[in-house]
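User: Got a minute to go through this one with me? I'd like to talk about the core, the helix packing and the chain contact.

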Amino acid sequence: MSCVQTIMDYGLRSIGLGERLLPRADYNLCQQATLIGSGLIWNLYFAVLALSVGFVIATALAVAKASANPWLRKPADAFIFVFRGSPLFIQFFIAYESLVLLPRAGIDIFGMTVQTSWLTRAWAGALVVLILNTAAYSAQIFHGALMSVPKGEVEAADAYGLTGWKRFRRVVWPTMLRLAWPSYTNEAIFLFHATTLVYFSGFPAFQQKGDALYYASYFADRTFNPFVAYPIAAAYFIAATLALIWVFGRVNRRLNRHLPGATSRVRYRPQLMR
Amino acid sequence: MFAYCTDPSLLQGLAWLSCYLTSGTHLLFYASFGTVLLLLAITAPIALLFGFGGAMASRSRIAPLRWFGGLYTSMVRGVPDIIFFLFVPIALDQAFEWVRHQALCDTDAPVRQGNDFVVCAAAKLPLSNAAPWVHDVYGIFLAVIAFSIVFGAFAANVLSGAMQAVPRAQLETAEAYGMSTRQVNRRVLIPQMWTYALPGLSNLWMILIKATPLLFLLGVEDIVYWARELGGSKTSAFSYPHPDWRLYYFLGILVFYLGMTWISGRILDRVTARLSRGQATMGGEALRKGTPA
């Protein structure tokens, strides 16, 4: 079987298209590279959706955490503490175990039956956990940046008569993002890397549709040879991480475009892990 | 544990619970919290040592050493740590067995035969007739190495950043006083760098705490293993039948980790507050007005 044929068969295997049965004997390099690459679709899916939804929630949480009103501040503090203070691995288990306890037949709300079984699937359940987790970590970063917004900028906005939403949207928020961006880039890298945990925690891989690391460990287990599958997975992740750094670097340049010379290269600092 | 626990089927309420929570398997579960703490206590210093070595190597004047240091320092940037946690133990295990195979077996048969990794009985690690505890200890040993390598790389990252943060002028001044490279390193660079490394290292500690449940992936019987084992629903064939209680066990583990990170977090918060006092920022302003930031 040629490599092109293998790619046709297994290129989209992780989302259930193409050949159903995984290769069983004499796993060649092409099969391993194709299947692990196809699993990367799930890592990208989790990372992109979790980061974009988490970003919105994180901004709201950061503002709530900076609020003087204890009814906003305390819940935000508690949320951030729980999700930052516990391992993501344990969060996945807890989410799965509690979602499994939901009634099989669905929940009756005002006579309508809401299906719940899809929540126990990784694509929904794990995504929710990842969203909440990255929201908590990013909120902490954004809150730190919000606290570092120069006092003068806020006073200048006051002097111009900007208040409330307008002041936040046009003065505080852009500066907050600019200050937070290097750390946020690190958070994005770590979230992307954390997506590999999904299929190793409570969530089962339905019909062997898993992520890149799921297939890598599948091959490593079958061939008793970790020296092929894991480096392939690692190479994919390095490539994807470089792409991610490039995209975030572009955004960083845009955020700092009014400050020529201020755009320093985003330095990698492992501040955050689950 | 207690005298009245001899026939659990007759017990009710609190008595049942007290017997249930002190059963033999539960005592093993509690002991596995000790395994986690032991792993932390062993891994943290080793990882710091590896990190220090990596950071020093990446500044070395010998090119191959510098390349190695640079590779080690940057290996965690692009590759998820979980890949290393899966890769390192199995790779090390095979490396050990391969070396022993070369030394102890007198067959010419290749170690890799198709999809099998075959070594003779004498080269197996641990030996197939070894006691079960040897297998457990060997598993934990591989886990400690995997954790040390990965966290050493994180620490190398932090420390090499801290070494670069030491003002260049100080090192040049030391050189101007006629100190050798080694003296500059020992008397100026290393004492100075800790100030810069401290925030990064305290973060690393938090990271390490939160990475410990990954022991489960390495096949060690840790708290996650026991929570799944004990929480799963037990039929009446067991002495303590109960429905699926895994959620409660995991909530217990959650509380354990929250407690661990809470204590560390208190200390970090104090440092952060100290650093933003008197600054002309929103954080400093909030402190000045007396509202908690």
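**Core, helices and interface**

Analyst: Sure. Keep in mind that this is a predicted model. To begin with one residue, A:Ile36 touches A:Ala212, A:Tyr215, A:Ala216, A:Ala229, A:Ile232, A:Ala233 and A:Tyr236, leaving aside residues up to four places away in sequence.

User: And how many residues are in the largest nonpolar core?

Analyst: That core has 134 residues. Those with the most contacts inside it include A:Ile36, A:Phe92, B:Ile83 and B:Val150.

User: Which helix gives the most to this core?

Analyst: Helix 5 of chain B, residues 132–165, with 17 residues.

User: Switching topic: at what angle do helix 1 and helix 2 of chain A pack?

Analyst: About 30°, and their axes are 9 Å apart. Angles under 35 degrees count as roughly parallel, so helix 1 of chain A is roughly parallel to helix 2 of chain A. Their crossing is right-handed.

User: Which residues meet there?

Analyst: From helix 1 of chain A, A:Cys3, A:Thr6, A:Ile7 and A:Tyr10; from helix 2 of chain A, A:Cys30, A:Gln31, A:Thr34, A:Leu35 and A:Ser38. By type, that contact has five nonpolar, four polar and no charged residues.

User: OK, now the chain contact. How many residues does it take from chain B and from chain A?

Analyst: 46 residues from chain B and 44 residues from chain A.

User: What gives the most to chain B's side?

Analyst: Helix 9 of chain B, with 12 residues.

User: How does that side divide into nonpolar, polar and charged?

Analyst: The side of chain B that touches chain A has 28 nonpolar, 12 polar and six charged residues.

Notes:
Residues are numbered from 1 along each chain as its sequence is written. Chains are lettered from A and ligands numbered from 1 in the order in which they are written. This is a predicted model: local features need pLDDT of at least 70, side-chain atom pairs count only at pLDDT 80 or more; totals for chains, interfaces and linings use all residues. A nonpolar core is a set of buried Ala, Val, Leu, Ile, Met, Phe, Trp, Tyr and Cys residues joined through C-beta atoms within 7 Å. A residue is buried if 20 or more other C-beta atoms lie within 10 Å of its own, exposed if 12 or fewer, and partly exposed in between; C-beta atoms are placed from the backbone. Helices (H or I, at least four residues) and strands (E, at least two) are DSSP runs, numbered from the N terminus. Two residues are in contact if their C-beta atoms, placed from the backbone, lie within 7 Å. Axes are lines fitted to C-alpha atoms, for helices over the stretch in contact, and angles run from 0 to 180 degrees between N-to-C directions. Angles under 35 degrees count as roughly parallel, over 145 as roughly antiparallel, 65 to 115 as roughly perpendicular and the rest as oblique. A crossing is left-handed if the near helix is turned anticlockwise from the far one by less than a right angle, and right-handed if clockwise. Ala, Val, Leu, Ile, Met, Phe, Trp, Tyr, Cys and Pro count as nonpolar, Asp, Glu, Lys and Arg as charged, and the others, Gly among them, as polar.
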